[in-house]
Amino acid sequence: MSKNILIINEYAGSPSYGMTFRHFYLAKEFIKKGHATTIVSGSYSHFLKKYPDMDAKIFRNENVEGVNFLWVKVIRYTRSYDKKRVFKWFEFASKLFFISKHLQAKPDVIICSSTPLFAILPAYYLAKKYKAKLVFEVRDIWPLTLISIGKFSENNLFIRFMGWFEKFSLQKSDLIVSNLSNYTQHIQELGIDRKAFWISNGIDLDEMTKTEKLPTEIESKIPRDKFIVGYTGKLGVSNAIIYLLQAAKILEKNNNIVFVIVGNGQEKQYLQSFAKDLENVIFIDTVNKTQIPLILELFDVCFLGWKKEELYKFGVSPNKLFDYMYSSTPILQAIDIKNDIVEKSHCGVCVEAENIEAIAAAVMQLYNMSDEERKTLGKNAKRYVLENFTYEKLADRFLSILETRYYREKS
């Protein structure tokens with residue numbers, strides 16, 4: 001039976017608007033399966049590469065590449081850590097109480113995705129109003145992430161305020177979903193007897209086949225006669241690229257190994273300063289998503305790093321991991337986690353997070369493998385991602401949970 005699904009995520013985007021893409025891809029699949037779907041998103045975020053034209057409107061419906069978006073006008077801010085961004089969270093949440101007359105259909109299911117957490121109140125109100133099922137989806141654990149990575153005190157009043165919203169979300173929602181495989185453990189550590197269902201991030205096969213030629217000035221920066229250890233994505237503290245660069249310093253005497261870092265972020269200047277005397281490190285600015293597959297084809301190994309934080313025991317689901325896997329490139333991951341996808345799929349080498357010597361040794365391990373051994377790792381990666389992490393399969397799982405497990409959990 002078809003449903004009207006409303007997805008609330010103030011950071012939702014699309015390939016044409018910019019990140020983030022998870023809900024756009026899920027919505028596309030929901031629509032293919034006969035479920036009318038609308039995404040409610042903010043008109044501005046630091047993830048978007050362009051912004052909807054709101055004029056004087058507070059709300060605007062727009063068909064974006066086949067998916068209906070309801071844009072909510074919000075304040076702009078200049079940096080990801082700008083105080084205006086916090087005001088925007090409350091502005092977005094407060095305006096959600098007034099979206100009813102702008103909805104194209106009465107929702108049967110409302111998916112409220114964090115972060116931030118404050119949209120859960122209007123989502124709960126709307127669910128009661130329309131007698132809809134309320135799904136709380138966790139993509140990033142707040143306020144724990146701010147405590148663990150941002151180093152905020154757990155006694156900070158704002159952190160405690162967010163903690164109340166987190167518990168409200170977990171207790172009042174009909175269903176809990178997360179892209180973090182061990183999120184149920186976090187719920188239980190909060191003393192709440194609920195279960196979360198795992199719906200990972202993944203790949204959209206249509207998008208993976210839409211490749212855009214790399215500009216010559218970018219392609220020429222990547223040597224063709226070297227062993228390339230590459231990274232693509234955000235350059236932030238949590239991405240732990242500094243440990244890869246420290247490993248590069250250990251290996252700088254090996255003239256056959258080059259480290260290529262593609263992306264931008266608040267850590268980039270610091271990372272470039274650290275590597276300024278390293279001839280085996282190359283930095284490239286962010287490229288379009290449609291150019292990522294062609295960049296990955298030039299890598300012999302893809303790197304994924306994490307900080308040594310308790311936070312990650314609940315799981316990780318970086319989009320770049322699935323892009324890496326689809327590219328059939330072996331993966332080197334530095335992480336401390338159970339049930340790791342790289343290990344389960346036998347598609348690369350996993351070492352301890354922040355362990356510079358272990359990262360350097362793993363690079364050499366992959367470097368010393370035969371071409372056939374590396375090809376086997378790459379084939380394992382692509383097979384595993386196609387079997388488990390296409391958005392078609394993820395949407396099927398989501399809908400299956402809505403249809404059946406919802407009732408099982410409530411009973």
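In what order do the six strands of the open sheet stand, and is their pairing parallel or antiparallel? The order is β11-β10-β9-β12-β13-β14, and the pairing is parallel. The structure described here is a predicted model.

## The six-stranded sheet

Strands of a sheet pair through backbone hydrogen bonds, in a parallel or an antiparallel arrangement. In this open sheet the edge positions are held by β11 (281-284) and β14 (348-351). Each of these two has a single partner strand, so one side of each is left without a neighbour in the sheet. Neighbouring strands are turned against each other by 20 degrees on average, direction ignored.

One pairing within the sheet is that of β9 (residues 227-232) with β10 (residues 257-262), which runs in the parallel sense over six bridges. Val229 has Phe259 of β10 as its bridge partner.

## A helix across the sheet

Helix α14 (residues 356-368) lies across five strands: β9, β10, β12 (301-305), β13 (331-334) and β14. Relative to β14, helix α14 runs at about 165 degrees.

## Helices α3 and α5

Helix α3 (residues 120-130) packs against helix α5 (residues 157-172) at an angle of about 25 degrees, and their axes are 10 Å apart. Angles under 35 degrees count as roughly parallel, and α3 and α5 are therefore roughly parallel to each other. The crossing in which α3 passes α5 is left-handed.

On the α3 side, the contact is made by Ile120, Leu121 and Tyr124; on the α5 side, by Phe165, Phe168, Ser169 and Lys172. Sorted by class, this contact has five nonpolar residues, one polar and one charged.

## Helices α12 and α15

Helix α12 (residues 319-326) and helix α15 (residues 371-388) pack with their axes 7 Å apart, at an angle of about 120 degrees. Roughly perpendicular covers 65 to 115 degrees, and roughly antiparallel needs an angle over 145; α12 and α15 are therefore oblique to each other.

From α12, the contact takes in Phe322, Met325 and Tyr326. From α15, the residues are Gly378, Ala381, Lys382, Tyr384, Val385 and Leu386. By class, seven residues of the contact are nonpolar, one is polar and one is charged.

## Salt bridges

Side chains of opposite charge can pair when their charged atoms come close. How many salt bridges does a search of the whole structure find? The search finds 22.

Among the residues that form a salt bridge are Glu10 and Lys88, with the closest N and O atoms 3.0 Å apart. This pair links distant parts of the chain, its two residues being 78 residues apart. Glu10 sits in the loop between β1 (4-8) and α1 (22-32), whereas Lys88 belongs to helix α2 (residues 83-96).

## Backbone exceptions in loops

Most peptide bonds are trans, and most residues other than glycine have a negative phi. Which residues does a cis peptide bond with omega of about 10 degrees join? Met19 and Thr20 are joined in this way, and Thr20 lies in the loop between β1 and α1. The peptide bond from Ser114 to Thr115 is also cis, with omega near 10 degrees. Thr115 is placed in the loop between β5 (109-114) and α3.

Asp55 has a phi near 50 degrees, which is a positive value in a residue other than glycine. The loop between β2 (36-42) and β3 (59-64) holds Asp55.

Conventions
Residues numbered from 1 in each chain as written. Predicted model: local features only at pLDDT ≥ 70, side-chain atom pairs only at ≥ 80, totals over all residues. Heavy atoms only, no water. Pairing = 2+ DSSP bridges. Helix = DSSP H or I, 4+ residues; strand = E, 2+ residues; numbered from the N terminus. Axes fitted to C-alpha atoms, helices over the stretch in contact; angles between N-to-C directions. Contact = heavy atoms within 4.5 Å. Left-handed = near helix turned anticlockwise from the far one by under 90°. Nonpolar A, V, L, I, M, F, W, Y, C, P; charged D, E, K, R; others polar. Salt bridge = Lys/Arg side-chain N within 4 Å of Asp/Glu carboxyl O.
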